[in-house]
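Biologist: Could you pull up the model and walk me through how the helices pack?

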Amino acid sequence: MTIMADASVTVVQTRPLLPRRPILHERTPDRPAPTEPRPHPAHPASSSDTAARQLLDVLYREHAPMVARVAARALCPHDRGLADDIAQDVWLDTWQHLLRGAELHAPADFLAMRARRRVIDHYRLAHVRREETVDYTDLARLIGDTA
């Protein structure tokens, strides 16, 4: 039995082609390129950014030792190594506060309060509990190791 294939058979597509999905950032006639850069919606750019940067620089030069000292005093003695991390978080919070356009009437009090609250947040959000190491030789002696 011989099967012969007809070479003139064409394949008919039963489904229509799906529209091509545009590539991210691809500009088409219905999606033209923006004419001017737009600020990020969560952090709108303002002309006072340079003023906020200068104010933060002045605050840092005047109050950085105080922020680190307050953070170190609020931490437990075995966590004193975290004081620099806490202080860095305080300065980041302060920068974001200044970018929102808020004013500081008493900067030393504001920074000290932020440092104390950041330490409280650190302990509140800690998920890992500190455990003391156990010397198992003493435990075996207490139980009465028979080996």
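**Helix packing**

Modeller: This is a predicted model, and in it the axes of α2 and α3 come within 9 Å and cross at roughly 120°.

Biologist: What do you call that arrangement of α2 and α3, and why?

Modeller: With angles of 65 to 115 degrees counted as roughly perpendicular and those over 145 as roughly antiparallel, α2 and α3 are therefore oblique to each other. As for handedness, the crossing in which α2 passes α3 is right-handed.

Biologist: Which residues make the contact there?

Modeller: On the α2 side they are I86, D89, V90, W91, D93, T94 and H97, and α3 contributes F110, L111, R114, A115, R118, V119 and H122. Sorted by class, the contact of α2 with α3 has seven nonpolar, three polar and four charged residues.

Biologist: D93 caught my eye in that list. Is D93 buried or exposed?

Modeller: D93, which lies in helix α2 (residues 83-99), has a relative accessible area of 17%, and because the cut-off for buried is under 20%, D93 counts as buried. Once its neighbours within four places in sequence are set aside, D93 is in contact with R114 and R118, and both of these arginines are in the α3 list for the contact with α2.

Biologist: OK, switching pairs. How do α1 and α3 cross?

Modeller: The axes of α1 and helix α3 (residues 107-125) come within 9 Å, with a crossing angle of roughly 35°, and α1 passes α3 in a right-handed crossing.

Biologist: And what meets what between α1 and α3?

Modeller: From α1, the residues L59, H63, M66, V67, V70, A71 and A74 meet P107, A108, L111, A112, A115, R116, V119 and Y123 of α3. By class, that contact of α1 with α3 has 13 nonpolar, one polar and one charged residues.

Biologist: Does anything in α3 serve in both places, or, put better, where do L111, A115 and V119 turn up?

Modeller: L111, A115 and V119 are among the α3 residues that meet α1, and they are also among those that make the contact with α2.

Biologist: Now L56, please. Where does L56 sit, and what does L56 touch?

Modeller: L56 lies in helix α1 (residues 49-74), and, not counting residues up to four places away in sequence, L56 touches W91, T94, W95 and L98. The C-alpha atoms of L56 and T94 are separated by 7.8 Å, although the two residues are 38 residues apart along the chain. L56 has a relative accessible area of 17% and is therefore buried.

Biologist: What about R53, buried or exposed?

Modeller: R53 is also found in helix α1, but with a relative accessibility of 55% R53 counts as exposed. Its C-alpha atom is 7.8 Å from that of W95, with the two residues 42 residues apart in sequence.

Biologist: Zooming out, how many helices and strands are there?

Modeller: The protein has four helices and zero strands, so that, read along the sequence, the pattern is α-α-α-α.

Biologist: How much of the protein counts as buried, and what is its surface like?

Modeller: Of the 147 residues, 18% count as buried. The accessible surface comes to about 13,000 Å², and 57% of this belongs to carbon and sulfur atoms.

Biologist: Last one: what share of the contacts comes from residues 24 or more positions apart?

Modeller: Among contacts with a separation of 6 or more, residues 24 or more positions apart account for 63%.

Key
Residues are numbered from 1 along each chain as its sequence is written. This is a predicted model: local features need pLDDT of at least 70, side-chain atom pairs count only at pLDDT 80 or more; totals for chains, interfaces and linings use all residues. Side-chain values use heavy atoms; hydrogens and water are left out. Helices (H or I, at least four residues) and strands (E, at least two) are DSSP runs, numbered from the N terminus. Buried means under 20% relative accessible area, exposed over 50%, partly exposed in between (1.4 Å probe, protein chains only). Contact means heavy atoms within 4.5 Å. Axes are lines fitted to C-alpha atoms, for helices over the stretch in contact, and angles run from 0 to 180 degrees between N-to-C directions. A crossing is left-handed if the near helix is turned anticlockwise from the far one by less than a right angle, and right-handed if clockwise. Ala, Val, Leu, Ile, Met, Phe, Trp, Tyr, Cys and Pro count as nonpolar, Asp, Glu, Lys and Arg as charged, and the others, Gly among them, as polar. Accessible areas come from the Shrake-Rupley method with a 1.4 Å probe; for residues, only the protein chains shown count as cover. Angles under 35 degrees count as roughly parallel, over 145 as roughly antiparallel, 65 to 115 as roughly perpendicular and the rest as oblique.
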